[in-house]
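Here are some friendly notes to read alongside the structure. Take the points in order, and keep the 3D view open as you go.

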Amino acid sequence: MIELGPHAAYIVGAYAGVAALLAALIGWVAWDAHRVRQQLRALDARGIRRRSDSGGTAA
Amino acid sequence: MSGFSALVARDIRLAFRAGGEAFTLVVFFVMIAVVAPFAIGPDKVLLARLAPGLVWIAALLSMLLGLDRLFRADAEDGSLLLLRHAGLPLEAVVAAKLIAHWLVTALPLIVATPLLAVLLSMDPAMWGATVLSLACGTPALVAFGAIGAAVTVGLPRGGVLAAVLIAPLSIPVVIFGVGAIAGQQAGSALLLLLALSLVTCAVSPFAAALALRTGEE
Amino acid sequence: MSLDSTAKKPNWFSRLAHPGEFLRWSGPWILPLSLLTALLFAIGLWLAFFVSPGETENVGTTLRIIYMHVPNAWLSQFVYGVMAVAALGTLVWRHPLADVANKAAAPLGAAFTALALFTGALWGRPTWGTFWEWDGRMTSTLVLLLIYLGIIALWRAFDDQLRAGRIAAIVTLVGAVNIPIVKFSVDWWQTLHQGSSVLVTGGPRMAPTILWSLAVMMLAFTLLFLVLHIVSIRTEILRRRATSLARQAAMGADA
């Protein structure tokens, strides 16, 4: 690793903060997608489908 | 034209009848000048320096508090629906309500300004500039407020959301408003403030009418 | 298999406009785009720490923060541009997915704007001595963040999401018109209150290695937004499906 200089803490802090927030953002987007899919699967299991699904023509 | 002025008169009458909320706003306005010295300290020199800013903060907060009443009462009792289908175009209806709202909320604030000036130890030479600045700037606040109110009409507790939406947009008004009271560029600030008010008042009825129509589709 | 043998292959517009079509064609793209994004970040980070110089005359030894700050600042404005175009799509062209695009982009834009402010503050402290400065750029970015948050609050306040979409579109466009006015007024205000240093993010004569590293990083960040945006749009489409299905079930429709 190259020398970061006297203000290394600020550089590391900036990168770490960005990494943390981006990780949280990606995690949230992924979790939200997963949750909605779960809801749809649960509805499907209860037999509630879109009217168009039973026809064979993709909606 | 008579429909327009009838609407303005109606709104003014209603404002004074329905619980006198306009009066409450003026009390709130003065209240800020009463509370500020307790927060800042009674140092007259400091207060005098801060006075223009404090007056404008008080005006902004009062206008933000009051913007909800622009459309909510009419929306709740169905008058808004009637007005939409009245002879006047919706934009004209909004413009009439803007005028009435300014007369009922902003004008009392402007009249009460000398009271604040005294409480905040404002240099008397600045009183006139302060009144003028508020007179030129409050129309812009009303115009922005109308957009915020139209966008949130029908939402429960929409008033807070409207204030949050409008506050960032009001920053230029505050900047030029305070700048017009004191400082080297007071003249150009006043002109910019006036320009801002004219432009926003011209555009706001259209944006607000669009939002009102959209909200009820 | 399509029952209708004479059905046309959907043209490019309906592939973008029809929710079902969008779901179908966007799915396979997510993994490749994500991998590309990760790759670009890896290259960008390597460039930032091992190829780029560690300091310049303008900003001293804190130069490397530029690779985190500038992409986020760029995205904060780019995402709002996307939202504004989506708003036009909702109001002017009545595009069915435009309001979904607006809603999906708002939290992303807010996050990037917050990161721009965060990295800007961390950059400002060692370089120019202060975490915060009320200059035109930082203040406008702060106002932009508030506008993003306001739009997010607006979306959440409505039960009827379609109505919310049109209202949010109006607010987005009003915000778009106002941001230049805010920037202008803050710059004017700044000239009155002289004495504060004006922040400069690197001079015009930046070494080529810096420019290249910056370009890669900006591309990586932009791609990241694109991937997250597509996933969020898909989620929102599915969420609306789930909501209407649940409503259908509650009304006792035949299964």
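## Notes on the model

The buried residues of helix α3(B) pack against four helices of chain B, namely α2 (21-40), α6 (90-119), α7 (127-152) and α8 (158-179).

1. **What you are looking at.** Please keep in mind that this is a predicted model. For the complex, the predictor gives a pTM of 0.87 and an ipTM of 0.85.

2. **How the chains meet.** Start with the pairs of chains. Two pairs touch, and the one with the most contacts is the pair of chains A and C. Chains A and B, on the other hand, do not touch: 24 Å separates their nearest C-alpha atoms.

3. **The contact of C with A.** Chain C brings 36 residues to this contact, and chain A brings 33 residues. On the side of chain C, the elements that give two or more residues are α2 (19-51), α4 and α7 (208-250). Which of them gives the most? That is α7(C), with 13 residues. Sorted by class, this side of chain C has 20 nonpolar, nine polar and seven charged residues.

4. **The contact of B with C.** Here 20 residues of chain B are in contact with 22 residues of chain C. On the side of chain B, helices α7, α8 and α9 (186-216) each supply at least two residues. The most comes from α8(B), which gives 10 residues. By class, you will find 15 nonpolar and five polar residues on this side of chain B, but no charged ones.

5. **A bent helix in chain B.** Now go back to helix α3 of chain B, which covers residues 44-66. Where is its kink? Look at A51(B), where the helix bends by about 55°, shortly before the proline P52(B). Both A51(B) and P52(B) belong to the buried residues of α3(B). The others in that set are L54(B), V55(B), W56(B), A58(B), A59(B), L60(B), S62(B), M63(B), L64(B) and G66(B). Among the partners that the buried residues of this helix pack against are α7 and α8 of chain B, and these two helices also supply residues to the side of chain B that touches chain C.

6. **The make-up of chain C.** How many helices and strands does chain C have? There are seven helices and zero strands, so to speak a run of α-α-α-α-α-α-α along the sequence. Of the 255 residues in chain C, 40% are buried. Among contacts in chain C with a separation of 6 or more, 79% join residues 24 or more positions apart.

7. **Two helices crossing in chain C.** Helix α4 (residues 98-128) packs with helix α6 (residues 161-192) at an angle of about 65°, and their axes are 9 Å apart. The crossing is left-handed. From α4(C), the contact uses D99(C), N102(C) and K103(C), while α6(C) contributes G165(C), A168(C), A169(C) and T172(C). By class, that gives two nonpolar, three polar and two charged residues. Helix α4(C) is also one of the elements on the side of chain C that touches chain A.

8. **Where to be careful in chain C.** The mean pLDDT of chain C is 85, with 88% of its residues at 70 or more. Confidence is highest in helix α3 (residues 66-91), at a mean of 94, and lowest in helix α1 (residues 12-17), at 70. Over residues 195-203 of chain C, pLDDT stays under 50, and the model has 17 contacts beyond four places in sequence for this stretch.

Key:
Residues numbered from 1 in each chain as written. Chains lettered and ligands numbered in written order. Predicted model: local features only at pLDDT ≥ 70, side-chain atom pairs only at ≥ 80, totals over all residues. Bend = angle between axes of the 7 residues up to and from the residue. Buried ≥ 20, exposed ≤ 12 C-beta atoms within 10 Å, placed from the backbone. Contact = placed C-beta atoms within 7 Å. Nonpolar A, V, L, I, M, F, W, Y, C, P; charged D, E, K, R; others polar. Axes fitted to C-alpha atoms, helices over the stretch in contact; angles between N-to-C directions. Left-handed = near helix turned anticlockwise from the far one by under 90°. pLDDT = per-residue confidence, 0-100.
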